[in-house]
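Visitor: I'm new to this, so could you walk me through the model and tell me how you know what you say about it?

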Amino acid sequence: MTRAQEVLANLDVTTLWQEDLYKQFHAHPELSSQETATAAEIARRLGSLGYDVQSVGGGVVGVLTNGPGKTVLMRADIDALPVTELTDLPYASTDTAVDATGATVGVMHACGHDIHITCLLGAAELLAADRDAWGGTFVALFQPAEETAAGGKAMLADGLTGKVPRPDVAFGQHVLNHAAGVIGMQVGPVFSAGDSIKITVFGAGSHGSMPHLGVDPVVLAASIVLRLQTIVSREVKPGEFAVVTVGSSVAGTASNIIPDRAVLLVNLRTYDTGVRQRVVDSIERIVRAECEASGSPEPPTLEYYDQFPLTDNDPEVTAVVAEAFRAHFGEARVVELGRIPASEDFSRIPDAFGTPYTYWGLGGFSPEKPGPPNHSPFFAPLIQPTLRAGTEAIVVAVMAFLGKDG
Ligand code: ZN
Ligand code: ZN
């Protein structure tokens, strides 16, 4: 028996309360940056397990020091989405909340973060219960506001790096609509970097019949939209990945008025920080040059928002964890995840410590019928084997670095 299997010998007991706790979190989700009841429940449970518990930036960190050895951090995100649940589960959420704009919205764990919380609390209990099997420090980090990309930043702004020991390695996991019990691993970039940019360009208003007395921002914006299409086709090296989408273009109110400004909302996805910088530089250059070409009376403004960093799995850490997963779960249950064009703010925290990391996918649905995508109002992972697999994965990955094997 390996030391990881020894720690997991109590999993049947953990599973009992995990299923109840999961249903409780699922029934009572909280929006990003409003996770007070969720965080309080996590802190209470970590405290009762003997962890040193701190509230940091709206999240919770539990540290368990168990003699000399490496430090390993596992992160779970804890927020839910403004989605009205449409499943018919007995533990479906009927809760509502007031969002940042003041609107009342339905709330749902439509991204499965309730699975992440419950698996990490389960692993925290198992590791605390068998301290002879391992040595070092385990950091269980519960992060708020992943969906808005604000939570990692908030924890760092609240001094996270000075409050917990620097991890030697960090992990994250996400439940996805793949077959339950199957783990997906990926070396290198796994989630894209995402940026949104609000671009405002200025014209000079005039009567629609007298264009020569104004500067038309509609023509200017149209020209920018077309020119932006040449970044991926002409500037990014063939074979490298980038997406530039103009998702919104708004100007003017009437056919006979030349307005004084136009606003473009641009979304950008990349898998490489060098490519990202190149695309950002190109967007800024094109916008400024087109404004110049139009005789725009004022420089344009570019506001960056909803920015997600690249999630780029360390090859060595990923290899160690994948080998441990294959030994534990068997070859058939450990697959290549592939790159996912969605984005995550997980990497901000390990990057702030300078810590290598790996982030894996956890299947949560019937192998016969693929589940709905994350964020769907029907997103309802199978409780088992998902909770067990997610808990086992954390213990096995942590024990690959802290276990007293051999
Ligand atoms: Zn999500
Ligand atoms: Zn998510």
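**Two zincs and a shared cysteine**

Guide: Let's start with C111, which bridges the zinc ion (ligand 1) and the zinc ion (ligand 2), 3.0 Å apart. Keep in mind that this is a predicted model.

Visitor: Which parts of the chain does the pair C111 and H375 link?

Guide: Distant ones: C111 sits in the loop between strand 5 and helix 4, while H375 is in the loop between strand 18 (357-365) and helix 11 (383-402), 264 residues apart.

Visitor: What are the protein donors of the zinc ion (ligand 1)?

Guide: They're C111 (SG), E147 (OE), E147 (OE) and H375 (NE2), lying 2.0 to 2.7 Å from the ion. Donors have to be within 2.8 Å of a metal like this, so those atoms make the cut.

Visitor: Why is the arrangement around the zinc ion (ligand 1) called irregular?

Guide: Look at the angles: the four donor atoms subtend 53 to 151 degrees. Tetrahedral would need all angles between 85 and 135 degrees. Square planar would need opposite donors over 155 degrees apart. The angles fit neither, so the arrangement is irregular.

Visitor: How do you know whether C111 is buried or exposed?

Guide: Buried means under 20% relative accessible area. C111 has 6% relative accessibility, so C111 counts as buried.

Visitor: And what makes H375 partly exposed?

Guide: Its relative accessible area is 38%. Partly exposed runs between the 20% and 50% cut-offs, so H375 belongs there.

Visitor: What coordinates the zinc ion (ligand 2)?

Guide: C111 (SG), H113 (NE2) and H174 (NE2) do, at 2.1 to 2.3 Å. Both H113 and H174 are buried.

Notes:
Residues are numbered from 1 along each chain as its sequence is written. Chains are lettered from A and ligands numbered from 1 in the order in which they are written. This is a predicted model: local features need pLDDT of at least 70, side-chain atom pairs count only at pLDDT 80 or more; totals for chains, interfaces and linings use all residues. Side-chain values use heavy atoms; hydrogens and water are left out. Donors are N, O and S atoms within 2.8 Å of the metal (3.2 Å for Na, K and Ca); water is not among the atoms, so sites may look incomplete. Buried means under 20% relative accessible area, exposed over 50%, partly exposed in between (1.4 Å probe, protein chains only). Four donors count as tetrahedral if all angles lie between 85 and 135 degrees; four count as square planar and six as octahedral if opposite donors are over 155 degrees apart and all others between 65 and 115; anything else is irregular. Helices (H or I, at least four residues) and strands (E, at least two) are DSSP runs, numbered from the N terminus.
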